[in-house]
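I set out to record what could be looked up in this structure, one topic per entry. The entries follow in the order in which I made them.

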Amino acid sequence: MVRKIVLIDPATRQVLAHRGQLDGLRRFRYCPHLGLQALAGASPSREVRIIDERLERFDPASLEADLVGITVRTGLAPRAHELARVFHQRGISVVFGGPYTTLTPDLALADPAVRCVVRGPAVGAWNDLLADIEANRAQRVYEGKAQAGVTISHVAAPTGPYRPSTALVQITQGCNFKCSFCVIPSLYEERFVAPSVEQALAAIASTEARLLAFVDDNLIGNLVFARQLFAGLRGMGKRWFCQATLNVARDPALVALMSEAGCVGVNIGIETINSAIWEQQNKRQNFSCELTAAIQRLHDHGICVSGGFIFGFDQDDVTVFDRSLDFMARSKLDFAACHILTPYPGLPFHEQLKREGRILTDDLSRYSTYEVVFQPLQMSPDQLQEGFNRVVREFYSIRRVCRRFVSAVQPLGLSSAAFSAFGGYVVHSNLNRGLPIHA
Ligand code: SF4
């Protein structure tokens with residue numbers, strides 16, 4: 001009988017090394033992994049503990065569990081296998097889920113410490129998996145299917161020692177686009193699934209949290225659904241962040257509706273300022289609206305903009321770093337989430353680079369999106385790493401953080417400008433203390 005389940009979100013070795021310095025702020029800023037909370041919510045008759053290793057110290061040699069589930073991103077695979085081996089030695093079954101498992105199930109199962117894996121959204125296969133383990137007939141691979149539903153962190157499962165002020169919410173699953181470098185289409189079998197608008201609004205209304213973060217990969221993946229959702233959110237008194245594709249800014253009425261519905265920030269995958277790369281990477285949705293005008297339109301409605309950037313595409317040379325910094329300043333972007341292009345094993349892009357002899361390491365702990373793991377075409381690996389580090393340091397320099405605060409007060413209001421500046425200062429301070437970028 002599986003009575004005690006422990007679900008683990010592991011941490012990188014850099015975060016583990018600095019964990020003591022991060023604990024205080026993290027307890028308020030972070031919420032346990034929403035996918036793990038969904039699993040906890042799907043295990044009502046069992047005792048479930050969620051461990052976020054970035055925050056919580058635990059000893060795998062003495063932790064009590066009948067079953068351990070670990071969500072594994074590729075860069076965390078070495079740590080996940082390390083933990084699995086300790087549990088396996090103690091006779092505890094270990095199940096892997098997450099992007100690493102979905103992309104490379106054979107790699108995960110090559111470790112005898114991993115009893116079975118779930119590909120895709122684990123909640124869709126969870127009950128079958130538990131029943132099979134209890135009947136001692138567990139399969140090696142389970143295929144989790146995306147299911148229409150709503151997951152809200154403050155409702156799905158107890159948050160244990162955490163005191164997050166923001167509720168994480170997931171309404172839709174998957175993305176309607178298929179950018180070449182992205183793992184989301186593989187994770188959800190290229191599907192986009194949404195519940196009814198009424199179901200979504202009822203679930204949101206049931207949480208007392210006023211601040212929400214929609215973790216949907218693209219909240220506007222279905223524009224009809226999105227418009228109805230935003231119309232229903234008006235008057236609920238919630239303030240929220242979301243992720244959306246750049247075409248959100250093409251429609252002024254949609255942006256106005258989002259603002260009236262309580263949207264205070266949106267994260268957009270800009271990826272690069274070189275439109276030839278959008279074409280090559282199948283990111284054509286970024287052609288829908290001129291970048292600076294898109295950011296301006298969102299600002300005009302009091303919405304902060306965080307831009308996702310990736311460095312290291314084949315068209316990138318050493319000038320990309322200064323050009324990107326110029327763009328970030330000109331467009332008055334509020335946050336920049338910068339990454340190094342990472343060819344995850346299991347993606348066609350990885351196969352291509354392997355054939356070209358450009359993969360530099362198979363050490364998966366380096367597949368974090370903050371380290372160079374392949375040979376770039378128009379610069380050296382060191383130039384890519386140094387240029388990337390410089391962009392992050394410069395964007396979060398005190399000079400730029402202060403400048404952004406001053407220019408954000410008028411369009412965004414004092415509280416959003418201060419929020420943006422505080423977020424920038426936290427990154428600046430972490431970098432100055434030698435903490436990892438993703439701390
Ligand atoms: S739009 Fe975003 S989530 Fe969707 S496939 Fe492209 S990068 Fe991935």
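Before reading the sheets, I fixed one term: two strands pair if DSSP finds at least two bridges between them. I also noted that this is a predicted model.

Entry 1, the seven-stranded sheet. I looked up the strand order and found 7-8-11-12-13-14-15, in an open sheet with mixed pairing. I then asked which strands lie at the edges of this sheet. They are strand 7 (151–152) and strand 15, each of which pairs on one side only.

Entry 2, strands 14 and 15. I found that strand 14 (residues 304–311) and strand 15 (residues 335–340) run parallel and are joined by six bridges. For glycine 307, I recorded alanine 336 as the bridge partner in strand 15. I next traced the connection: strand 14, helix 14 (residues 320–330) and strand 15 make a β-α-β unit, and the unit is right-handed.

Entry 3, the six-stranded sheet. I read the order of this open sheet as 2-1-3-4-5-6, with parallel pairing. Its edge strands, which pair on one side only, are strand 2 (47–52) and strand 6 (141–143). I also noted that neighbouring strands of this sheet are turned by 20 degrees against each other on average, direction ignored.

Within this sheet I examined one pair. Strand 3 (residues 67–71) is paired with strand 4 (residues 93–97) in the parallel sense, over five bridges. Leucine 67 has serine 93 as its bridge partner in strand 4.

Entry 4, helix 6. I asked which residues of helix 6 (residues 126–134) are buried. They are Trp126, Leu129 and Leu130. Why do the buried residues of helix 6 line one face of the helix? Seen down the helix axis, they fall within an arc of 95 degrees, so they line one face of helix 6. On the face turned away from the buried side of helix 6, I found the exposed residues Asn127 and Ala131.

Entry 5, the ligand. I listed the residues around the ligand: Cys175, Phe177, Lys178, Cys179, Cys182, Ile184, Pro185, Asp217, Asn218, Thr245 and Gly269. I then asked how many residues of this shell are nonpolar, polar and charged. By class, the shell has six nonpolar, three polar and two charged residues.

Notes: Residues are numbered from 1 along each chain as its sequence is written. This is a predicted model: local features need pLDDT of at least 70, side-chain atom pairs count only at pLDDT 80 or more; totals for chains, interfaces and linings use all residues. Axes are lines fitted to C-alpha atoms, for helices over the stretch in contact, and angles run from 0 to 180 degrees between N-to-C directions. A crossover is right-handed if, with the strands pointing away from the viewer, the path from the first strand over the helix to the second runs clockwise. A residue is near a molecule or strand if its C-beta atom, placed from the backbone, lies within 6 Å of it. Ala, Val, Leu, Ile, Met, Phe, Trp, Tyr, Cys and Pro count as nonpolar, Asp, Glu, Lys and Arg as charged, and the others, Gly among them, as polar. A residue is buried if 20 or more other C-beta atoms lie within 10 Å of its own, exposed if 12 or fewer, and partly exposed in between; C-beta atoms are placed from the backbone. The arc is that of the directions from the helix axis to the C-beta atoms.
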